[in-house]
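Biologist: Before we begin, may I ask you to justify each term as you use it? I should like to see how a value leads to a conclusion.

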Amino acid sequence: MRSSKYIKRVIKAALVTVAAIILILVAGSFYLLHVSLCDLSGKDIASRRAILAEEAPDVLSWADSLKECGIMRDTTMTTHDGRHLHAVYASAPDSTNRTMMILHGYTCNVYSSMKIARMFRDSLRLNIFMPEHHGHGQSDGNEVQMGWKDADDVLEWIPIVVRLFCESDSAQIAIQGVSMGASTAMNISGKENIPQIKCYIEDCGYTSVWDELSHELKARYGLPDFPIMHSSSLLCQLRYGWSFREASSVKMVKKCHKPMLFIHGDNDDFVPSEMVYPLYEAKGQPKSIWITKGTDHAHSFRDYPKEYEQHVRDFLSASGM
């Protein structure tokens with residue numbers, strides 16, 4: 001009798017423990033997914049303008065003056081699944097068929113890209129086109145897509161870019177992205193061959209969403225991948241239709257046959273500097289790499305503006321643009 005009661009107590013305790021573990025795991029998975037994909041601070045346009053006004057007031061004045069003159073304009077697109085996405089564009093100082101698509105990073109918007117946009121337009125004499133990703137700026141969306149599904153959205157922008165600036169047969173488009181935008185660019189590079197896209201510039205992109213979130217999980221909370229990364233990835237698949245492992249920029253650059261310039265700061269601890277090397281190795285020729293010394297995350301242009309411009313100029317020239 002005592003043995004039977006003891007066994008029942010053990011079983012009950014075990015069931016309670018298992019239930020508690022499952023509850024903690026589910027709660028942790030929802031928390032990780034929320035923290036990672038539901039930060040919509042990129043929709044706060046006023047704060048990004050304020051940051052730009054503090055860091056580079058001349059750049060904000062430049063952008064505002066182009067808007068006032070009607071040179072920099074807004075445009076929108078309705079995607080195949082009914083979402084409304086926003087972008088800003090401006091023609092080069094002189095008429096040209098060459099356009100730089102500039103892809104912003106995680107929780108950013110077009111104002112985050114204005115400093116480098118001025119370089120592309122005024123110094124390199126390119127048309128500029130800056131889309132705001134799903135869940136950012138004035139675009140629809142209540143979650144961040146981490147550059148994975150954003151790649152498909154950017155491809156939907158291409159015909160619009162072509163119509164805005166030139167005839168389809170003569171269009172030359174380069175795609176540059178920073179951080180999440182860089183991973184977006186790499187994810188585009190492995191998709192269908194778009195003849196107007198001539199080359200890619202990825203600046204501090206991550207190898208995969210799994211790798212980046214795993215890094216942050218360990219850095220912020222000291223936790224290993226198992227089991228929360230696996231359960232969170234499954235939850236992402238169920239809610240948003242893609243998984244963390246699926247979203248691999250390494251796999252995508254393996255399929256790319258067009259020129260790509262890799263840029264990364266050697267002091268980056270947000271998207272760790274070592275991520276650039278498997279990406280570079282996975283990409284076939286033509287390719288080039290530039291590692292900026294002492295630079296942390298997404299600050300290569302800030303730290304080395306003249307060198308950045310020259311590297312990009314040389315790369316575009318070698319790519320036929």
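Modeller: Certainly. A residue is called buried when its relative accessible area is under 20%. Please keep in mind that this is a predicted model.

Biologist: What makes strand 4 a mostly covered strand?

Modeller: Strand 4 spans residues 127–131, and five of its five residues are buried. N127, F129 and P131 point one way, I128 and M130 point the other way, and all are buried. In a regular strand the side chains alternate between the two faces of the sheet.

Biologist: In which sense does strand 4 pair with strand 2, and in which sense with strand 3?

Modeller: Strand 2, residues 84–90, pairs with strand 4 in the antiparallel sense over four bridges. Two strands count as paired if there are at least two bridges between them, so the four bridges here meet that requirement. Within this pairing, A87 has P131 as its bridge partner. Strand 3 and strand 4 pair in the parallel sense over three bridges, which also satisfies the requirement of at least two. Here T99 stands opposite N127.

Biologist: Which elements make the right-handed β-α-β unit?

Modeller: Strand 3, helix 4 and strand 4 make this unit. The term right-handed applies because, with the strands pointing away from the viewer, the path from the first strand over the helix to the second runs clockwise.

Biologist: Why is I175 called buried?

Modeller: I175 has 0% relative accessibility. The limit for a buried residue is under 20%, so I175 counts as buried. This residue lies in strand 5, residues 172–178. Beyond its neighbours within four places in sequence, I175 is in contact with residues including M100, L103, I188 and Y200. I175 and M100 are 75 residues apart along the chain, and their C-alpha atoms are separated by 5.8 Å.

Biologist: What makes an empty space a cavity and not a pocket?

Modeller: In a cavity, a 1.4 Å probe fits but cannot get out, whereas a pocket is open. The search of the whole structure finds one cavity of 30 Å³ or more. The largest cavity holds about 190 Å³ of space. Its lining has 15 residues, and Y106, L213, E216, R220 and F270 lie nearest the centre. Helix 7 gives the most to this lining, with six residues.

Biologist: How many residues line the largest pocket, and which lie nearest its centre?

Modeller: The largest pocket, with a volume of about 760 Å³, is lined by 29 residues, and C108, S112, V178, A298 and H299 lie nearest its centre. By class, its lining has 13 nonpolar, nine polar and seven charged residues.

How values were computed. Residues numbered from 1 in each chain as written. Predicted model: local features only at pLDDT ≥ 70, side-chain atom pairs only at ≥ 80, totals over all residues. Heavy atoms only, no water. 1 Å grid on protein atoms, 1.4 Å probe; cavity = no way out; pocket = protein on both sides within 12 Å on 5 of 7 lines; lining within 4 Å. Points joined across faces, edges and corners; volume = space filled by probe spheres on them. Helix = DSSP H or I, 4+ residues; strand = E, 2+ residues; numbered from the N terminus. Buried < 20%, exposed > 50% of the residue type's maximum accessible area, 1.4 Å probe, protein only. Contact = heavy atoms within 4.5 Å. Nonpolar A, V, L, I, M, F, W, Y, C, P; charged D, E, K, R; others polar.
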